[in-house]
Amino acid sequence: MMRNFSILLSICCIVACRASNKEFQVIQVSGTDPTEMTLNQIANTIEKVQLETRKESFIGNVSDILTFRDYILTIDKVAGVLVFDKTGRFLQIVGSKGDGPGQYASVIYHAAIDKEKGLIYLASGNKLLVFSDTFSFLKEKKFPFLIQYLFVNQGNLHALSKDLGKPHEDGIISTTQIFKLDPNLEIMDSVVFRKKISKKGTIAGYAFKHFYSDDLDGQYFYQPELTSEGFLRDTLYQMNEEKFLPFAKLAFDVPVSIDERGFQSVLLLNIFKSKSYIFAEFDVDFQRHIFLYNLNTKKGFTVKEGFTLESGKKVTLRPLDPSKDTYYYIEESEFQDAKTEEKNPIIGIVELKKNLVCCE
């Protein structure tokens, strides 16, 4: 029988009542008074990379960007994982579609890289594929559950799975589990991160998953719950050996309610920690907001829809290298001609200022 290596986090977050974390802090978040902020105001450096557009490299819907050595990898659920060099020149696709070894029949759910070992992991349905640092197929394994998320923590690959819900005397119970895998992709340990009981067995997801962060000083975890609950799961946890300890609570000034259609007024999509920042992405009445909190200056601010480029476009920042406060954004190309393919997007790589003060 596999050994449970951690504790259960329930709806009540019982860990918060038992564990003590001296760094725990409550951070005030404004959703009612967002500010306007240009990207230049918060950036120390900005590097733009135009991704090459070719028939075999056309990107439809990017769900994440990963960097590895001198490569840029775009994760596209339909097109797959595309590899570009640091100038944006297309090199190849990792794996291929099909039913054979090294192939995936369904969409790419998530991808992760072990930079120390030079291994690339792809999750497609219940299939986990492993590729080398030269993008050669190494091995694969099928699991009796869907893999929705992957991350590498302390040198070990972890896979997250959330079931669709099972009948319970009080309604439907859904369980989120994290599995720790060995180099042979065998399950070493597991933890139940969350159990949720609801009247309806509905689930909701978001394309951009930033659940795990590692800024070299610590490892952090947050998983949203995007169905209407009438409250927010607003705590970022620090992973400490076999425990998830509350690290930061986001205190929103927006009241949480559910309308007559069953939609929740505020949805918290992501919380992520980098070296100097806590980043949060949330919706207020279906309007996207981004919150940045500088841990050095103890100042935070909220922008609506994103940060403004010189062109006037607004973009959302997403984490790239937490240890260096490096984020990325995706700038879609302008539509040119209905007879030609739209160009691949520009990827902006942004290093944030270390001691940013709002609106300086």
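1. A definition to start with: two strands count as paired here if DSSP finds at least two bridges between them. With that in hand, this predicted model offers an open sheet of five strands, in the order S2-S22-S21-S20-S19 and with mixed pairing. Strand S2 (25-29) and strand S19 (212-214) stand at the edges; each has a single partner strand, so one side of each is left without a neighbour in the sheet. From one strand to the next, the twist averages 25°.

2. Within that sheet, have a look at strand S20 (residues 219-221) and strand S21 (residues 235-240), which run antiparallel and are joined by three bridges. A handy place to find the register is Tyr220, which stands opposite Gln238 in S21.

3. Another pairing worth a visit involves strand S12 (residues 127-131) and strand S13 (residues 137-142), antiparallel over five bridges. Here Lys127 stands opposite Lys142 in S13. The two strands form a hairpin with five residues between them, and Phe135 in the turn has a positive phi of about 70°.

4. Now to the interior. The largest nonpolar core has 21 residues, and Leu268 and Ile278 are the ones that touch the most other members. At least two residues of this core come from each of S2, strand S22 (243-252), strand S23 (266-273), strand S24 (277-284) and strand S25 (287-294). As general background, nonpolar side chains tend to be buried together in soluble globular proteins.

5. Which residues does Leu268 touch, not counting those up to four places away in sequence? Its contacts are Tyr222, Pro224, Leu226, Leu232, Arg233, Asp234, Phe252, Ala280, Glu281 and Phe282. Charged residues may catch your eye in that list, among them Arg233, Asp234 and Glu281.

6. A second, separate core also deserves a look: its 20 residues include Met37, Val303, Phe307 and Tyr327.

7. Finally, two loop residues to check in the backbone plot. Lys298 has a phi near 60°, a positive value in a residue other than glycine; it lies in the loop between S25 and strand S26 (299-304). Asp325 is not a glycine either, yet has a positive phi of about 55°. You will find Asp325 in the loop between strand S29 (318-321) and strand S30 (326-331). Is Asp325 buried or exposed? Asp325 is buried, because its relative accessible area is 0%, and buried means under 20%.

Definitions and conventions: Residues numbered from 1 in each chain as written. Predicted model: local features only at pLDDT ≥ 70, side-chain atom pairs only at ≥ 80, totals over all residues. Heavy atoms only, no water. Helix = DSSP H or I, 4+ residues; strand = E, 2+ residues; numbered from the N terminus. Axes fitted to C-alpha atoms, helices over the stretch in contact; angles between N-to-C directions. Core = buried A, V, L, I, M, F, W, Y, C linked by side-chain atoms within 4.5 Å. Buried < 20%, exposed > 50% of the residue type's maximum accessible area, 1.4 Å probe, protein only. Contact = heavy atoms within 4.5 Å.
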